[in-house]
Amino acid sequence: YVLDGADVKVTANEWELESGELGDLGSIREEMMYKLRMYYYNKIFTSLSSVWNASNTPHNFTNVSGAVTEAVLTNAIDRINRTTSGVKAVVGTRAAMSPITKFAAFWSKDSSTVGYSPTLIERIMAEGMLGSYYGANLVVLDQVFDNFEDYRPQIPDNKIVVIGDKVGEFILYGDVKTKQYTDPRPTPPQWYLEIYQQFGMMIWNAQGIYVINIT
């Protein structure tokens, strides 16, 4: 493993902190931990979705126009079921994954619909997503934006990754560490809270990863 470091820092002057407008220390730390988790999700998903492209594999990558289709997703799951002991998850943002709900409750043959599940349709209408499709768990990632001005998405909205069982590992090296201090030199004093942690990732079976690229 080659370890990297993740760091989240919050700073405010003591007047802002004492006013309560930023929340208490518990809520601030909870939001920082959420940002740290989202950073990990972004790193993992971006890395996995970059393993394959149209140039380096004819088998584990496909382009699809507009939105994921039943044929494309089924083919991807079938491929990963052949290269691993089974699909662990189908992962993407809600924008990329939502079109699955348009076909997940139906079964077709020879281009004609031959069956559907009222229960699944009710669940889709109520929740907007299903927990699984074709034997694979569906994992929907919350989109994260860099800031409220530019509002640039940090997780690719145009990729869905089908991940097989035991294709690699993501590790956290040690607990989340905390650094907190107040700089007394400015007036009012400036307060700092920082959390940081080491992490690493390794892929040992790239054939167990399938990338669907939405164009």
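**View 1. I163 of strand 8 stands opposite I209 in strand 11.** This is a predicted model, in which local features need pLDDT of at least 70 and side-chain atom pairs count only at pLDDT 80 or more, while totals for chains, interfaces and linings use all residues. Residues are numbered from 1 along each chain as its sequence is written, and side-chain values use heavy atoms, with hydrogens and water left out. Strand 8 and strand 11 pair in the antiparallel sense, and five bridges link them. Strands here are DSSP runs of E with at least two residues, helices are runs of H or I with at least four, and both are numbered from the N terminus. Two strands count as paired if DSSP finds at least two bridges between them.

**View 2. Strand 11 is covered on both faces.** I209, V211 and N213 are buried on one side, and Y210, I212 and I214 are buried on the other. With six of its six residues buried, strand 11 is therefore largely enclosed by the rest of the structure. Buried means under 20% relative accessible area, exposed means over 50%, and partly exposed lies in between (1.4 Å probe, protein chains only). Strand 11 also pairs with strand 2, in the parallel sense and over four bridges; here F61 has V211 as its bridge partner.

**View 3. Six strands make an open sheet with mixed pairing.** Follow the order 2-11-8-3-7-6 across the sheet. Strand 2 (61–64) and strand 6 (132–133) stand at the edges with a single partner strand each, so one side of each has no neighbour in the sheet.

**View 4. Strand 3 is mostly covered, with six of its seven residues buried.** Strand 3 (residues 87–93) pairs with strand 8 (residues 159–164) in the antiparallel sense over four bridges. Look for V90, whose bridge partner in strand 8 is V162, and for V91, which stands opposite V161. Strand 3 and strand 7 run parallel and are joined by four bridges, and G92 stands opposite V140 in strand 7.

**View 5. Helix 2 (residues 25–49) lies across strands of the sheet.** The strands it crosses are strand 3, strand 7 (136–141), strand 8 and strand 11 (209–214), and helix 2 runs at about 85 degrees to strand 8. Helix 3 (residues 70–83) packs on the sheet too, and its direction makes about 165 degrees with that of strand 11. Axes are lines fitted to C-alpha atoms, for helices over the stretch in contact, and angles run from 0 to 180 degrees between N-to-C directions. The buried residues of helix 2 include I28, M32, L36, Y40 and F45.

**View 6. L73 is among the residues that touch the most other members of the largest nonpolar core.** This core has 27 residues, and V90, I100, V162 and I212 share that distinction with L73. A nonpolar core is a set of buried Ala, Val, Leu, Ile, Met, Phe, Trp, Tyr and Cys residues joined through side-chain atoms within 4.5 Å. Helix 3 gives the largest share, five residues. Leaving aside residues up to four places away in sequence, L73 touches V68, V90, I100, F103, Y133, V162 and I212; contact means heavy atoms within 4.5 Å. Another core, of 15 residues, lies apart from this one, with F45, V91, V167 and V211 among them.
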